[in-house]
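Student: Could you take a close look at one helix for me, and then walk on to some of the packing elsewhere in the chain? Keep it informal, please.

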Amino acid sequence: MTEGIKIYKSTCRMCHGGCGVLVHVDQGKVVKVTGDPESPLNKGKLCPKGLASIEHLYNPNRLKYPLKRTGKRGKGKWERITWDEALNTIVKKIQEVRENYGSESIAIGQGTGRHHFFHTIRFANALGTPNWCEPGTAQCFIPRILAGIMTYGDLPVCDYYGEVNPACVLVWGHNPAVSGPDGELQFTIKECIKKGTKLIVIDPRQTDLAKEAEFWLRIRPGTDDALALSMMNVIINEDLYDQEFVEQWTVGFDRLSKRVLEYPPEWAEKITWVPSEQIKAAARMFAKTKPATLEWGVALEHTPNCLQTVRAVALIPAITGNIDVPGGWILGMHLIQTLPVLLQGRLPDAKKDKRMGADKFKVLCGSDSFFPSAHVPTLFRAMRTGDPYPVKAFLVFGNNALVTYANSKEVYDSLMKLDFFSVMDIYMTPTAELADIILPAATWLEVDQLVGLPFVANNVAQVQQKVVEMWECRQDEEVFIELARRLNLESGTEPLEKIFNNQLRPLGTRFDELKTKGYISAQMEYRKFEKRKFATLSGKVELYSTYLERHGYDPLPSYQEPPESPISTPKIAKKYPLILTTGGRIQHFFCSEYRQIPTLRGGQPDPIVEINPETAAELNIEEGDWVWIETPRGRIQQKAKLTPIHPKVVNVQFGWWFPEEEGPEYGVWKSNANLLTSNAPPYDPALGTYQLRALLCKVYKKGDDKRFGTKAAIKWINKVKQHSRYIFRICI
Ligand SMILES: Nc1nc2c(c(=O)[nH]1)N[C@H]1C(S)=C(S)[C@@H](COP(=O)(O)OP(=O)(O)OC[C@H]3O[C@@H](n4cnc5c(=O)[nH]c(N)nc54)[C@H](O)[C@@H]3O)O[C@H]1N2
Ligand SMILES: Nc1nc2c(c(=O)[nH]1)N[C@H]1C(S)=C(S)[C@@H](COP(=O)(O)OP(=O)(O)OC[C@H]3O[C@@H](n4cnc5c(=O)[nH]c(N)nc54)[C@H](O)[C@@H]3O)O[C@H]1N2
Ligand code: SF4
Ligand SMILES: [Mo]
């Protein structure tokens with residue numbers, strides 16, 4: 001160790017996070033972030049985002065102080081204020097809205113799985129509003145968790161950690177080599193493949209994993225329900241299921257068998273565009289290779305048949321007997337997942353009934369939901385129209401709403417209608433530009449937290465620790481506590497460390513102890529259901545869901561054609577002949593983040609649309625051309641990349657805005673995928689999910705349309721690099 005340098009164990013949160021890191025601090029400056037070789041998850045490795053943490057920390061474009069709007073909303077005029085003034089303004093507005101309309105008229109927003117995720121919900125409960133939201137609740141991960149709970153009593157995850165390597169991984173609508181799903185898993189899955197695991201990849205794009213797979217099923221976006229049902233048809237009809245497990249540990253197998261008879265592979269071929277022989281061969285391989293496991297992703301959660309789709313896919317590992325066995329799909333250990341922080345009991349029943357969407361989408365927001373949140377299109381409509389009741393204030397902690405919710409134009413109209421809007425973020429964004437008050441947030445190196453990773457069998461509890469403080473930035477949790485204190489709330493005012501210590505009590509440790517240890521892990525246990533049964537009503541795996549039956553939904557999975565498709569809307573398909581899918585995670589970015597970080601943006605300066613070379617040739621498009629992608633809702637430009645994606649499918653990247661361009665818009669209307677997506681009904685009947693993928697589009701080039709682009713971005717990025725070094729030297 002160099003003289004004077006202190007090394008802290010922590011957890012990288014440049015993505016949802018999970019990699020154990022060593023943070024090297026020299027006289028108050030972070031000089032290096034390296035992978036912790038002792039971490040059981042990443043074993044010393046880091047991805048490009050983790051390596052760029054210091055450029056994030058010292059980035060000159062960060063928000064440094066609280067700001068208040070001085071001109072009209074959205075005109076980009078700001079004035080520095082003190083924290084005291086900022087917090088008092090927010091408190092006054094909350095009190096006004098609460099008095100005039102009721103606490104449910106204050107909405108609390110946040111982004112995807114940040115360190116403060118549960119604390120935001122805690123604050124909403126303490127404040128007495130049922131209306132907290134996040135772009136992912138009906139569209140990301142929560143549907144998988146809910147399907148897991150109603151089927152298995154828990155969220156099953158892949159077992160990469162024990163003595164036995166999975167022999168087969170079914171990678172479905174997911175690209176874990178890039179996305180993780182939560183970062184750290186990218187290292188683990190690559191290691192697992194090196195040891196000889198066979199892959200089945202279900203994806204319209206040829207991902208790196210698809211290149212290594214025994215089977216790459218190039219599916220039509222939005223038809224995963226049909227494919228899953230037909231794979232079960234093969235497994236059951238050919239007697240490839242695990243009879244013993246099914247008989248002893250599941251309910252509803254007969255009814256499921258009858259249901260899947262409706263979906264033979266020959267039928268599925270027409271729907272999914274995957275040849276029936278491939279469906280059969282993949283199903284056979286998965287059923288015959290033991291142990292096998294399932295890596296499923298967010299692509300399953302972006303259509304209005306979301307819940308039945310994730311349920312259909314979730315049943316495959318059960319009928320093949322891969323549940324909670326070494327190298328299979330295992331149930332969590334729940335080290336720190338006892339979430340005493342939520343304060344659910346603080347929200348009166350009458351308020352719960354008022355949650356936006358509670359009357360319709362019972363699994364997402366009803367009174368008996370496992371994890372209730374507001375339905376976003378209903379909430380935003382209430383902001384615009386006052387129906388079913390007015391929503392007047394919106395306090396957002398880490399969400400770039402204009403870029404990440406469907407139908408960005410309507411999101412803009414909704415935000416512009418608010419009486420009060422505050423945004424806490426690390427950077428100025430096109431969304432923050434619409435606020436009345438902006439609060440500067442801390443990066444992960446300035447934050448104390450406990451990290452429990454839902455995707456990694458929950459058998460590791462890790463520490464994330466504040467090693468520096470920058471400008472006047474604060475961690476979100478501190479703001480919730482301070483607001484609760486100033487509002488004289490009955491709860492939500494305890495200091496953070498007390499909350500952490502309560503969470504850690506069952507593990508027999510305290511937060512300050514964990515800071516030195518870095519993490520605690522537990523011995524893996526398998527076939528836990530033999531001792532404790534499954535945590536469902538029947539104590540078994542519910543192939544037939546009694547939970548869904550009780551709430552009036554179909555207890556068995558079924559297929560539904562996407563609402564905008566060549567089959568559902570042939571007229572629209574004539575004008576828009578290609579299928580659009582959006583997302584497809586990028587190694588260098590995290591959703592809408594990091595376009596300001598020199599080495600990350602330098603690695604990928606432009607938004608990319610993937611097109612098959614055959615289709616591109618028909619459209620006279622060449623590699624590197626800027627092209628228009630248009631749907632019935634709008635059009636955007638991205639740069640063409642020719643890849644073996646299905647010839648009738650295009651994939652646009654999401655999350656794009658251009659911090660190098662002029663504010664307050666920062667180019668948010670140019671390449672933003674959510675100008676193409678739809679927040680209109682139909683929604684998933686149980687979850688209210690809208691359509692981020694499987695829409696119709698057309699792609700074309702206009703010779704005279706030159707997009708700004710690459711050179712300007714790189715010039716700006718180089719400037720940012722120099723300024724970051726300068727800030728690092730003076731380290732304010
Ligand atoms: N078309 C399309 N749209 C999508 C998707 C898609 O695939 N296609 N994916 C959807 C999914 S799965 C998700 S999860 C959402 C993600 O949607 P968001 O969560 O909105 O996305 P991010 O860009 O990750 O984060 C938003 C903001 O949080 C700020 N931030 C980061 N860390 C902190 C922090 O600690 N505190 C505070 N206060 N701010 C912070 C960032 O600077 C950024 O401006 O997008 C959804 N939207
Ligand atoms: N580097 C990085 N990591 C991330 C993120 C990031 O932005 N960058 N975002 C984080 C977030 S919020 C999330 S939710 C996860 C998401 O991570 P993933 O679940 O991996 O999500 P995507 O990469 O958007 O989509 C996965 C794959 O689904 C394919 N796909 C698209 N449409 C369909 C379809 O209809 N059916 C099927 N079967 N496949 C389809 C895409 O081509 C893509 O390869 O990643 C997290 N980790
Ligand atoms: S995978 Fe995620 S946690 Fe790991 S280094 Fe990359 S950004 Fe950090
Ligand atoms: Mo997500």
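Tutor: Ile142, Pro143, Arg144, Leu146, Ala147, Gly148, Met150, Thr151 and Tyr152 are the buried residues of helix α5. Bear in mind that this is a predicted model. The helix spans residues 142–152, and with 9 of its 11 residues buried, α5 is mostly covered. What do the buried residues of α5 pack against? Their partners are a mix of strands and helices: β13 (292–296), β14 (329–330) and β21 (541–542) on the strand side, and α14 (306–319), α16 (362–365) and α24 (546–550) on the helix side. Right after α5 comes glycine 153, and its phi is positive, near 75 degrees.

Now for a helix pair. Helix α17 (residues 376–385) packs on helix α19 (residues 408–416), the axes being 7 Å apart and the angle about 50 degrees. An angle between 35 and 65 degrees falls in the oblique class, so α17 and α19 are oblique to each other. Their crossing is left-handed. On the α17 side, the residues in contact are Phe380, Met383 and Arg384; on the α19 side, they are Glu410, Val411, Asp413 and Ser414. Sorted by class, that contact has 3 nonpolar, 3 charged and 1 polar residues. As for spacing along a helix, an α-helix has 3.6 residues a turn, so residues three or four places apart point the same way.

On to the rings. Counting rings whose centres lie within 6.5 Å, you get 27 aromatic pairs. One of them joins tyrosine 241 and phenylalanine 253: the ring centres are 4.6 Å apart and the planes sit at 45 degrees, so this pair is tilted. It links distant parts of the chain, 12 residues apart: tyrosine 241 lies in the loop between α9 (224–237) and α10 (243–249), while phenylalanine 253 belongs to helix α11 (residues 253–260). Are these two buried or exposed? The cut-off for buried is under 20% relative accessible area, so tyrosine 241, at 17%, counts as buried, and phenylalanine 253, at 11%, is buried as well.

Phenylalanine 529 and phenylalanine 534 make another aromatic pair, this one stacked, with 4.7 Å from centre to centre and 15 degrees between the planes. Both of these phenylalanines, 529 and 534, are buried. Ring pairs also build a cluster, linking Phe117, Phe118, Trp132 and Phe371.

Key
Residues numbered from 1 in each chain as written. Chains lettered and ligands numbered in written order. Predicted model: local features only at pLDDT ≥ 70, side-chain atom pairs only at ≥ 80, totals over all residues. Heavy atoms only, no water. Axes fitted to C-alpha atoms, helices over the stretch in contact; angles between N-to-C directions. Helix = DSSP H or I, 4+ residues; strand = E, 2+ residues; numbered from the N terminus. Parallel < 35°, antiparallel > 145°, perpendicular 65-115°, else oblique. Left-handed = near helix turned anticlockwise from the far one by under 90°. Contact = heavy atoms within 4.5 Å. Nonpolar A, V, L, I, M, F, W, Y, C, P; charged D, E, K, R; others polar. Buried < 20%, exposed > 50% of the residue type's maximum accessible area, 1.4 Å probe, protein only. Phe/Tyr/Trp six-rings, centres within 6.5 Å; stacked < 30°, edge-to-face > 60°.
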